[in-house]
Amino acid sequence: MAQNPSRSQWAALLRRLDIWFILIVLALITIPHYAEAMQHPGFFLDFAARLGLDRHAFERILYLAPIVWAGFIAGWRGAVVTSIIALGCMLPRAIFISAHPRDAIFEASAVFIIGNVLSLSFASLRKERQYRLKLEATQYELMASEERYRELFSSAFDAIWVHDLNGDVIAANRASEKLTGYGMEELMQKNVKSLLSEDDRHLAGQVRRKLLAGEFVQQPYEQHLIKKDGSEAFVQLSTSLVLSDGKPVGFQHIARDITEQKRMQDNLRFYLQQVTRAQEEERKRISRELHDDTIQALVVLARRLDAIATDSKALDEDDHRRLEELREQANNIMQGVRRLSQDLRPAALDRLGLLPALEWLAAEVRDFSGIDVNVNVAGKERRFSEEVELLLFRIVQEALRNVWRHSQASEATISVEFGDNQTQIAISDDGKGFDVPQTIGDLTRTGKLGLAGIQERVQLLGGNLTAQSQPGKGTSITIKLPA
Ligand SMILES: Nc1ncnc2c1ncn2[C@@H]1O[C@H](COP(=O)(O)OP(=O)(O)OP(=O)(O)O)[C@@H](O)[C@H]1O
Ligand SMILES: [Mg+2]
């Protein structure tokens, strides 16, 4: 059962040793108070008389002291308990012994009231003093934390600036000077609009509107900043509202300069693009050479073998059979080389585009592996540049190669979905699946380059890749591209 909090405070008071000590002092004071009545005037009253004090006044002061003391150390409860007991000690004498009982009762009650009033005043003084000390400590802590924040703000590696709702900069740190090339004084006179291009102003406006409306904003986001020398810095930004009394008064931005990183990424992308282009050129050249030279040579060879077989009458049965075998071998080699040439550079892709090339690829894998590969198309077909279609074809080709090499699937599907803002291509199978690693790039360490190659191509296209697979539950490789 929950204990009444007030009752437990009274109980706690009575458990205090210092209160009991005060009560003992009260009892000691009471002894001389009744001594006279017991025919023992004693030294106590002589002492008061020697100090020139009236006996009654001296006694009242003596009774007041413990009440005020208890009030001071234990609050109003202490004063009430002590004053009631003091009253209890004084009243019998006032009523039964005193020559002027009415005056004595009045004086005893006055001690009770004055004691309580005094102790209450002391208690409230003490409370106020504690409150003041606490306030000072809080103010000091606030100042210290403000100091820490200021230090963090000014020495932060990231550029941080704050502007009001009109865009006027009201605070900025040292990294902001470095990022923009403006000095602190110049920055404080700037409006953020002057640091942004037209497009970026639009983006910044959108972010601010959303934040003010309490809507979700994808953070961090990327933006250009125009520096003092007119060059552009690429920054990654996080923006938050600055509130005062719960009302928005400005925005705080934390920006990291990623110009160098972007440049390196662009260089890497350019390098990859060049490598991919060179690789495709090489494939095209080999494919054409196989088609124009090797296959033609094999055709001529097969025709000659035919001619020998039909023209030469001197050949016996055995020679004819051997010639027939040779012609068949030449045909097989021709088919193999033709497939290799097609694989290297599918003619359908150059002539008809991505979807017919995917149909051709599906038929090839079906013939070759026995897996039932289907192509599903949804939405209105959209054509991409030759280079993009080639990259997409290579992605599907590699994914299908994995299906027939690793999945043991009986069925696979290539789904192409043309949406309004994006195109999605998924290659899924009903095979044995596998544990997809957290980072696909890690596969390259064990010499597995296929999925990593798919990922690189997808990145070149500015899209994203998801690989979903579970042992025993098939695999699905999905790529999404901006339209
Ligand atoms: N459709 C799939 N079904 C089952 N396992 C798959 C499938 N696709 C990929 N895997 C697994 O993922 C691994 C990585 O595939 P990845 O294409 O990167 O390498 P690889 O095919 O082994 O070698 P490479 O493609 O370089 O010749 C494969 O070794 C295989 O274990
Ligand atoms: Mg592979």
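## A walk through a four-domain chain

Ala314 sits in the loop that connects helix H9 to helix H10 (317–344). This is a good place to begin a tour of the structure, which is a predicted model. Is Ala314 buried or exposed? With 6 other C-beta atoms within 10 Å, Ala314 is exposed, because 12 or fewer such neighbours puts a residue in that class. To get a feel for distances in this model, pair Ala314 with Gly167: the two are 147 residues apart in sequence, and their C-alpha atoms are 100 Å apart in space.

The protein chain is divided into domain 1 (5–136), domain 2 (156–257), domain 3 (261–345) and domain 4 (347–483). Between the C-alpha centres of domain 2 and domain 4 there is a distance of 41 Å.

### Two helices to measure against a ruler

Helices H5 and H9 let you try a simple calculation. What span should the 53 residues of helix H9 (residues 259–311) have at 1.5 Å a residue? The expected span is 78 Å, and the end C-alpha atoms of H9 are 75 Å apart, so the two values agree. When you trace H9 on the screen, look for Leu290, where the helix bends by about 35°.

The same exercise works for helix H5 (residues 101–155). Its 55 residues should span 81 Å at 1.5 Å a residue, and its end C-alpha atoms are 80 Å apart, which agrees.

How many of the 55 residues of H5 are buried? The number is 5, so H5 lies largely in the open. The buried residues are Ala108, Val111, Phe112, Gly115 and Ser119. Here is a general point to keep in mind as you look at that list: an α-helix has 3.6 residues a turn, so residues three or four places apart point the same way.

Arg150 also belongs to H5. Arg150 has 12 other C-beta atoms within 10 Å, and it is exposed because the limit for that class is 12 or fewer. The C-alpha atom of Arg150 is separated by 9.2 Å from that of Asn173, which is 23 residues away along the chain.

### Strands that fold back

Next, find strands E3, E4 and E5. Strand E3 (residues 221–226) and strand E4 (residues 232–244) run antiparallel and are joined by 6 bridges. Strand E4 also runs antiparallel to strand E5 (residues 247–257), with 10 bridges between them. The table lists some of the residues that face each other.

| Residue | Partner |
|---|---|
| Tyr221 | Leu237 in E4 |
| Ile226 | Glu232 in E4 |
| Val235 | Asp257 in E5 |

Each pair of strands forms a hairpin. The hairpin of E3 and E4 has 5 residues between the strands, and Gly230 there takes a positive phi near 90°. The hairpin of E4 and E5 has 2 residues between its strands, and Asp245 is in the turn.

### Some backbone surprises

Most residues other than glycine have a negative phi, and most peptide bonds are trans. Which exceptions can you find here? Asp245 has a positive phi of about 55° although it is not a glycine. Asp245 counts as exposed, because 5 C-beta neighbours lie inside 10 Å.

Gln408 is another non-glycine residue with a positive phi of about 55°. Gln408 is located in the loop between H13 and strand E7 (411–418). With 13 other C-beta atoms within 10 Å, Gln408 is partly exposed.

There is also a peptide bond to look at: the one from Gln219 to Pro220 is cis, with omega near -5°. Pro220 lies in the loop between helix H8 (198–212) and E3.

### Around ligand 1

Finally, turn to ligand 1. Which residues come nearest to ligand 1? Of the 17 residues around it, the nearest are Asn402, Ser407, Lys448, Gly450 and Leu451. Helix H13 (386–407) and helix H14 (450–460) are the elements that give two or more residues to this shell. The largest share, 5 residues, comes from H13. Sorted by class, the shell around ligand 1 has 6 nonpolar, 7 polar and 4 charged residues.

Notes:
Residues are numbered from 1 along each chain as its sequence is written. Chains are lettered from A and ligands numbered from 1 in the order in which they are written. This is a predicted model: local features need pLDDT of at least 70, side-chain atom pairs count only at pLDDT 80 or more; totals for chains, interfaces and linings use all residues. Domain bounds come from an automatic or database domain assignment. A residue is near a molecule or strand if its C-beta atom, placed from the backbone, lies within 6 Å of it. Helices (H or I, at least four residues) and strands (E, at least two) are DSSP runs, numbered from the N terminus. Ala, Val, Leu, Ile, Met, Phe, Trp, Tyr, Cys and Pro count as nonpolar, Asp, Glu, Lys and Arg as charged, and the others, Gly among them, as polar. The expected span of a helix is 1.5 Å times one less than its number of residues. The bend at a residue is the angle between axes fitted to the seven residues ending there and the seven starting there. Two strands pair if DSSP finds at least two bridges between them. A residue is buried if 20 or more other C-beta atoms lie within 10 Å of its own, exposed if 12 or fewer, and partly exposed in between; C-beta atoms are placed from the backbone.
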